[in-house]
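Take a look at how the helices pack in the model below. Then follow the report from a helix pair to a core and to single residues.

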Amino acid sequence: MKKQMRLWLYLPAIFVLSLAAALARTMATLGSFNFDTGYYSEKTLIFAAEITMLLAMLVALTYPIFHKGIRLVASFEGGRTFVAAGISSVALLFVAFDFSRRVFGGKLVGANVKVGNIPIIEIIGVLCVIFALASILGFFLTALSTKREDQSRAWFTLCTVVFLILYSVYIYFNTKLPINAPGKLTDMTAYIVFALFFLFETRISLGRSIWPMYLSFGMAAVAMGVYSALPSLAVYLINGRLVSDSIYEITLTLALTVFAAARIIGCASLSDDSDAPMVSYIKESESARLIKSEEGEQTPDGQGLTDADKE
């Protein structure tokens, strides 16, 4: 439990650093961002934001180094999970609708790369629609299924992983901004980190949880989600300009951030997945008895047998 409680040291640090980085990025975007080129004319403030964000990520990724061997009893109950999963489902539905509208309306703008005669950006768009809808089912199961292990929930959560990877690929091929534009790289990184977090979420449903890594990437996903979405939303509300691909993307990033934060905060109250002292003692005694019994079994030359056995 002591290792879990240390989350209350990590979480405030992550939130403060990511909010500070998001504030600096917001100010830099409002003050010196060129919406035509996708770059900043004055780099001091955005550099400070990036350094602060890097520090937040480093803090999150150090968690497994100092907190090995954590085993918790997974829980999918409670209002936090239910509400956060519902918000994410609605956000995914709007993203699927937006992709459908743009794919069938010929409004997807991407790199001039084709598979046969079909632009790759359209293929990615269609796949994003399919896996976004499958991901919605995953969030429904996360909200409705309270079982610690659930194969169906695991498979649909894996669809969320695939969707997030596809969406980061979509951002890469999207030609609205240059390939190495800071905003583009920020959004791609956020979705890749979210994909890693949901990969460890999948392992929980399969009964193969790695809690230190889950908590670490959960905190990293929250940090990147805050840094990616809050400045984009603030700029959109203030001057109506988009830094990210769309308002639907911003909404989805915020929803996934809320989900990751709710799941990680909830972990601080989970019980340890360990045996009671008496159960541990009985298991250890039984293990020692079995070892002695195996050592006393007969060997080819009769050694190891007891006197009673020899008689």
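In this predicted model, the axes of H2 and H9 come within 9 Å. They cross at roughly 30 degrees. Angles under 35 degrees count as roughly parallel, so H2 and H9 are roughly parallel to each other. Their crossing is right-handed. The contact of H2 with H9 has 20 nonpolar, six polar and one charged residues.

Next comes the core. The largest nonpolar core has 84 residues. Leu-7, Phe-163, Phe-198, Trp-211, Tyr-214 and Met-219 touch the most other members. Helices that give two or more residues to this core include H2, H3, H5 and H6. H7, H8, H9 and H10 are also among them. Which helix gives the most to this core? H9 does, with 13 residues.

Now for two single residues. Ser-88 is found in helix H5, which spans residues 79-104. Is Ser-88 buried or exposed? Its relative accessible area is 0%. Buried means under 20%, so Ser-88 is buried.

The table lists contacts of Ser-88 and Phe-198, leaving aside residues up to four places away in sequence.

| Residue | Residues in contact |
|---|---|
| Ser-88 | Phe-139, Ala-255, Leu-256 and Phe-259 |
| Phe-198 | Phe-139, Thr-157, Thr-160, Val-161, Leu-164, Leu-256 and Phe-259 |

Phe-139, Leu-256 and Phe-259 appear in both rows.

Terms used
Residues numbered from 1 in each chain as written. Predicted model: local features only at pLDDT ≥ 70, side-chain atom pairs only at ≥ 80, totals over all residues. Heavy atoms only, no water. Helix = DSSP H or I, 4+ residues; strand = E, 2+ residues; numbered from the N terminus. Buried < 20%, exposed > 50% of the residue type's maximum accessible area, 1.4 Å probe, protein only. Contact = heavy atoms within 4.5 Å. Core = buried A, V, L, I, M, F, W, Y, C linked by side-chain atoms within 4.5 Å. Axes fitted to C-alpha atoms, helices over the stretch in contact; angles between N-to-C directions. Parallel < 35°, antiparallel > 145°, perpendicular 65-115°, else oblique. Left-handed = near helix turned anticlockwise from the far one by under 90°. Nonpolar A, V, L, I, M, F, W, Y, C, P; charged D, E, K, R; others polar.
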